[in-house]
Amino acid sequence: MYIVESDYFASQRMKGIVSLVKGRVGPSGFGSASTAEEVTEGIDATNLTVIITASGIGLETARVLALRKAHVIIAVRNMVSGNEARQHILDENQSARVDILNLDLSSVTSVRSFVEKFIALDLPLNILMLNNAGVMFCPFSLSEDGVEMQFATNHVGHFLLTSLLLDKMKQTAKATGVEGRIINLSSIAHNYTYRKGIRFDKINDRKGYSSKKAYGQSKLANILHTNELSRLLYYDIRISSYHIKSNFTINRTF
């Protein structure tokens with residue numbers, strides 16, 4: 001059975017794509033041409049602790065959140081690059097509260113180790129910003145846990161990280177009365193996956209592997225995870241997924 005998209009919804013989707021490309025302002029007053037500094041202007045995040053899985057977009061988000069006085073924990077695979085990014089933030093903003101912790105999202109062991117180290121810091125956790133770090137369009141390979149690398153890194157690692165940190169987020173929300181946020185970075189690539197979507201029975205199958213479609217299915221998995229978790233977390237924590245353009249636009253959700 002296949003569902004055919006109606007002309008109306010197809011036209012609406014096309015309008016959305018055009019608005020994204022042209023940077024048109026939406027109901028929030030911001031569009032894809034808005035910068036993170038513009039979106040967060042006037043926000044005081046002094047009492048917020050944020051974990052960001054970081055790449056280029058994640059590091060820029062970390063910089064701006066630190067500028068808004070949040071305590072930012074940057075999760076990085078390369079500690080040398082991570083410490084350089086931290087120093088760059090401190091050079092710009094000497095009062096910034098920024099810490100670096102090692103995290104390889106393709107490794108279940110690394111994810112569990114990261115969570116143990118974070119919990120040991122005895123910090124609250126208000127915001128979890130995920131999928132800023134990932135891999136894209138890479139040749140077929142398996143992670144150390146035997147999972148196709150794009151699916152392992154872009155979805156499984158973030159899924160596990162979220163699951164292991166949920167209790168801490170719930171505790172923080174209850175103690176502070178401030179609703180938590182989980183923000184997943186999605187991609188328009190979720191529309192460009194295998195014919196039937198996620199190949200659940202062939203995730204690790206080299207035959208028929210497409211680097212672009214494998215990336216698409218990993219981003220589709222992000223969205224499905226977001227939608228289901230949003231259904232389950234109907235109070236205390238709000239979870240959203242966003243497509244973020246490369247000029248570092250973020251949505252004002254806190």
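This passage describes helix 5 and its surroundings, the pairing of strand 4, the nonpolar cores, and two buried arginines in a predicted model.

Helix 5 comprises 13 residues, and at 1.5 Å a residue these should span 18 Å; the C-alpha atoms at the ends of helix 5 are 19 Å apart, which agrees with that expectation. At the start of the helix, a side-chain oxygen of Ser107 comes to within 3.4 Å of the backbone nitrogen of Thr109. The residues of helix 5 that are buried are Ser110, Val111, Phe114, Val115 and Phe118. Because they cover an arc of only 135° around the axis, these residues are placed on the same side of helix 5. An α-helix has 3.6 residues a turn, so residues three or four places apart point the same way. The other side of helix 5 carries Thr109, Glu116 and Ala120, which are exposed. The cover over the buried residues of helix 5 includes strand 1 (49-53), strand 2 (71-76), strand 3 (97-102) and helix 6 (149-176).

Helix 5 is followed by Asp122, whose phi is positive, near 55°, and which is placed in the loop between helix 5 (108-120) and strand 4 (127-130). With a relative accessible area of 65%, Asp122 lies over the 50% cut-off and is therefore exposed. Although Asp122 and Lys168 are separated by 46 residues in sequence, their C-alpha atoms are 9.8 Å apart in space.

Beyond this loop, strand 4 directs Ile127 and Met129 one way and Leu128 and Leu130 the other way, and all of these residues are buried. Strand 4 pairs with strand 1 in the parallel sense over 3 bridges, and it is joined to strand 5, which also runs parallel to it, by 4 bridges. Leu128 takes part in both pairings, as the bridge partner of Ile51 and as the residue that stands opposite Ile182 in strand 5.

The largest nonpolar core contains 24 residues, of which Ile51, Phe114, Phe118, Leu161, Leu165 and Ile182 touch the most other members. At least two residues of this core are supplied by each of strand 2, helix 5, strand 4, helix 6 and strand 6 (237-243), and the largest share, 5 residues, comes from helix 6. When residues up to four places away in sequence are not counted, Leu165 touches Ile51, Val115, Phe118, Leu125 and Leu128. Apart from the largest core lies another core, of 21 residues, among them Val50, Val72, Val76 and Ala96.

Two arginines were also examined. Arg181 lies in strand 5 (residues 180-186), where its relative accessible area of 11% is under the 20% cut-off, so that Arg181 is buried. The side chain of Arg181 makes a polar contact with the side chain of Glu179, at 2.7 Å. Arg199, by contrast, is found in the loop between strand 5 and helix 7 (211-232), yet Arg199 also counts as buried because its relative accessibility is 14%. Leaving aside neighbours within four places in sequence, the residues in contact with Arg199 are Tyr194, Asp205, Lys207, Gly208, Tyr209 and Gln217. The C-alpha atoms of Arg199 and Ala214 are 9.0 Å apart in space, with the two residues 15 apart in sequence.

Key: Residues numbered from 1 in each chain as written. Predicted model: local features only at pLDDT ≥ 70, side-chain atom pairs only at ≥ 80, totals over all residues. Heavy atoms only, no water. Buried < 20%, exposed > 50% of the residue type's maximum accessible area, 1.4 Å probe, protein only. Expected span 1.5 Å × (residues − 1). Arc of directions from axis to C-beta. Contact = heavy atoms within 4.5 Å. Polar contact = N/O pair within 3.5 Å; in protein donor to acceptor, adjacent residues only side chain to side chain. Pairing = 2+ DSSP bridges. Core = buried A, V, L, I, M, F, W, Y, C linked by side-chain atoms within 4.5 Å.
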